[in-house]
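Got your viewer open? Let's take a walk through this structure, one selection at a time.

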Amino acid sequence: KWSSIFVNFSAQTSENMTQDIIDAQLIKRRKGVFGPSLGKQAIIFVDDLNMPVKEVYGAQPPIEILRQSMAQGGWYDRESQEFKSLVDIQYIAAMGPPGGGRTQITSRMMRHFSTLMFTPFEASALKGVFSSILRHFFKRYDNNQIKSWIDPVVNAAIDVYDSISAALRPTPKKLHYTYNLRDISKVVQGMCQVSSD
């Protein structure tokens with residue numbers, strides 16, 4: 001019923017790359033009309049929507065090509081210069097707050113989306129979540145010394161996460177400096193794989 005298309009934006013993403021990624025996943029329904037296979041809806045997930053670098057005049061061409069497809073129902077083929085209608089498509093996007101290589105998205109683009117925002121968790125909430133997970137895992141062991149290490153390990157992981165994410169901010173040259181809760185959860189997952197020894 002659903003097919004998915006993933007588009008990951010970076011500072012180097014171009015409008016041609018964006019168009020090619022999506023076009024490669026769609027099939028021709030009839031002359032000038034493209035979409036997912038018959039009977040399916042395509043969901044295009046755009047990750048890091050606000051990462052493309054602005055050009056000289058302040059536009060972001062990869063975002064503008066997506067905006068054109070949303071507003072006009074398609075885009076022009078670069079070779080034949082004919083309009084290609086895109087049907088049975090939904091867009092979902094994710095982005096972080098502006099700063100560190102991320103830019104502000106124009107209102108022309110944002111009007112096509114319903115916006116959800118999640119505020120960062122407080123340290124006390126993170127400690128409660130990850131401590132509960134480890135307590136549940138370690139309750140199978142009778143060793144009280146291991147159980148006494150749960151809170152210090154979780155506190156240390158969160159402190160390291162906080163200090164790294166504050167000190168190593170992403171920049172256009174160091175885009176890989178992005179941290180999220182997945183990094184802390186990897187520590188907890190690693191702890192849940194230990195044996196009693």
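Start by selecting Val160, which counts as partly exposed because its relative accessibility is 46%, between the 20% and 50% cut-offs. Keep in mind as you look around that this is a predicted model. Val160 sits in helix α6, which covers residues 150-167. Now add Ile164 and Leu168 to your selection: together with Val160 they make a nonpolar surface patch of about 210 Å².

Next, stay with α6 and bring in a partner. Select helix α7, residues 181-191, which packs against α6. How do you describe a pair like this? Two packed helices are described by the angle between their axes and the distance between the axes. For α6 and α7, the angle is about 150° and the axes are 10 Å apart. An angle over 145 degrees counts as roughly antiparallel, so that is what α6 and α7 are to each other. Their crossing is right-handed.

Time to leave the helices and visit some loops. Most residues other than glycine have a negative phi. Select Asp48, which is not a glycine, yet its phi is positive, at about 55°. You'll find Asp48 in the loop between β4 (41-47) and α2 (61-72). Is Asp48 buried, partly exposed or exposed? With 23% relative accessibility, Asp48 counts as partly exposed.

Keep Asp48 selected and add Arg102. The side chains of Asp48 and Arg102 meet in a salt bridge, with 4.0 Å from N to O. This pair links distant parts of the chain: Asp48 is in the loop between β4 and α2, while Arg102 is in the loop between β7 and α3 (107-110), 54 residues apart. Arg102 has a relative accessible area of 18%, so this residue is buried.

Now jump to Asp88, another residue other than glycine with a positive phi, here near 55°. Asp88 lies in the loop between β6 (83-86) and β7 (89-94). Asp88 counts as partly exposed because its relative accessibility is 30%.

Which residue does Asp88 meet in a salt bridge? Select Arg29: the two side chains come together at 2.9 Å, N to O. Arg29 belongs to strand β2 (residues 27-30) and Asp88 to the loop between β6 and β7, so the pair ties together parts that are 59 residues apart in sequence. Arg29 is partly exposed too, at 23% relative accessibility.

How many salt bridges does a search of the whole structure find? The count is eight. For another one, go to helix α2 and select Arg67 and Glu64, whose side chains meet at 2.8 Å, N to O. Here the partners are three residues apart in the helix, so about one helical turn separates them. Check how much of each is covered: Arg67 counts as buried at 13% relative accessibility, whereas Glu64 is partly exposed with a relative accessible area of 21%.

For the last stop, select Asp23, Asp77 and Lys84 together. Salt bridges that share partners join these three residues into one network.

Definitions and conventions: Residues numbered from 1 in each chain as written. Predicted model: local features only at pLDDT ≥ 70, side-chain atom pairs only at ≥ 80, totals over all residues. Heavy atoms only, no water. Patch = residues over 30% accessible without salt bridge, like charges linked within 9 Å, V, L, I, M, F, W, Y side chains within 5 Å. Areas by Shrake-Rupley, 256 points an atom, 1.4 Å probe, with all protein chains shown as cover. Helix = DSSP H or I, 4+ residues; strand = E, 2+ residues; numbered from the N terminus. Buried < 20%, exposed > 50% of the residue type's maximum accessible area, 1.4 Å probe, protein only. Axes fitted to C-alpha atoms, helices over the stretch in contact; angles between N-to-C directions. Parallel < 35°, antiparallel > 145°, perpendicular 65-115°, else oblique. Left-handed = near helix turned anticlockwise from the far one by under 90°.
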